[in-house]
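Me: I have a sequence and a model in front of me, and I would like to learn how to read them together. Could you take me through the features one at a time, with the general idea before the particular case?

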Amino acid sequence: MSLLKIIYYPDKRLRKTAKPIKKINKNIIHTIQNMFDTMYFFSGIGLAATQVNIHKQIIVIDISKTKNQKLVLINPIILNKHGNIQTQEGCLSIPEKYGIIPRYKTIKIRAFNQQGEYFELQTQNLLSICIQHEMDHLIGKLFIDYLK
Ligand code: NI
């Protein structure tokens, strides 16, 4: 297991925009594994590469209680979105801060998995919120920005 160093607000590097991945090579696969290790270690449900100072469009998520339902999103885009939902959010990069954040209830996304295959996923509630939160990281946006 290897842990990556999480960068914390107000570090300016959290504001960088992540670049799309052109080729999923061994290095990317290794990064994904380390991101999962780091996310699980800190009891998170999602982690964007930006948070470990890697400015590439990679997100790892696992919202399961059993911590065995890994979801990898590479170069994700939102195809459609609707409805509204608000819940309390936190972030591994902003310890001990929480806020009620407005999100779309349902989203449909398209992304690559780590095998380099495109997939589409329609999801709602917690997973939808988590994906929106992590996709914000890839464009340098933090949940606290919604509170201003
Ligand atoms: Ni976050």
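Me: How are the donor residues of the nickel ion spaced in sequence?

Reply: Before the answer, please note that this is a predicted model, in which local features need pLDDT of at least 70 and side-chain atom pairs count only at pLDDT 80 or more, while totals for chains, interfaces and linings use all residues. Residues are numbered from 1 along each chain as its sequence is written, and side-chain values use heavy atoms, with hydrogens and water left out. Donors are N, O and S atoms within 2.8 Å of the metal (3.2 Å for Na, K and Ca), and sites may look incomplete because water is not among the atoms. Here the spacing of the donor residues is C-x41-H-x3-H, and the coordinating atoms are SG of Cys91 and NE2 of both His133 and His137, at 2.0 to 2.3 Å.

Me: Why are His133 and His137 separated by about one helical turn?

Reply: Helices (H or I, at least four residues) and strands (E, at least two) are DSSP runs, numbered from the N terminus. His133 and His137 are about one helical turn apart because they lie four residues apart in helix α2, residues 125-138.

Me: Are the nickel-binding residue Cys91 and its fellow cysteine Cys130 buried or exposed, and how many disulfides does the structure hold?

Reply: Buried means under 20% relative accessible area, exposed over 50%, and partly exposed in between, with a 1.4 Å probe and protein chains only. Cys91 is buried at 12%, Cys130 is buried at 5%, and both His133 and His137 are buried as well. A disulfide is a pair of cysteine sulfur atoms within 2.5 Å, and a search of the whole structure finds zero of them. For Cys130 the closest cysteine sulfur, that of Cys91, is 10 Å away, which is too far for a bond.

Me: In what order do the strands of the sheet run?

Reply: Strands of a sheet pair through backbone hydrogen bonds, either parallel or antiparallel. Two strands count as paired if DSSP finds at least two bridges between them. In this model five strands form an open, antiparallel sheet in the order β1-β2-β3-β4-β5. β1 (46-48) and β5 (118-124) stand at the edges with a single partner strand each, so one side of each has no neighbour in the sheet. Strand β4 (residues 99-112) pairs with β5 over seven bridges, and Phe112 stands opposite Tyr118 in β5.

Me: Which strands does α2 lie across, and at what angle to β4 does it run?

Reply: Contact means heavy atoms within 4.5 Å, and axes are lines fitted to C-alpha atoms (for helices over the stretch in contact), with angles running from 0 to 180 degrees between N-to-C directions. α2 lies across β1, β2, β3, β4 and β5, at about 85° to β4, whereas helix α1 (residues 26-41) lies across β1, β2 (58-61) and β3 (71-89), at about 40° to β2.

Me: How many salt bridges does a search of the whole structure find?

Reply: Side chains of opposite charge can pair when their charged atoms come close. A salt bridge is a side-chain nitrogen of Lys or Arg within 4 Å of a carboxyl oxygen of Asp or Glu. The search finds six, including one between Asp145 and Arg15, whose closest N and O atoms are 2.8 Å apart. Asp145 lies in the segment after α2 and Arg15 in the segment before α1, so this pair ties together parts 130 residues apart in sequence. Glu120 meets Lys108 at 3.6 Å, N to O, and also meets Arg110 at 3.2 Å, N to O.
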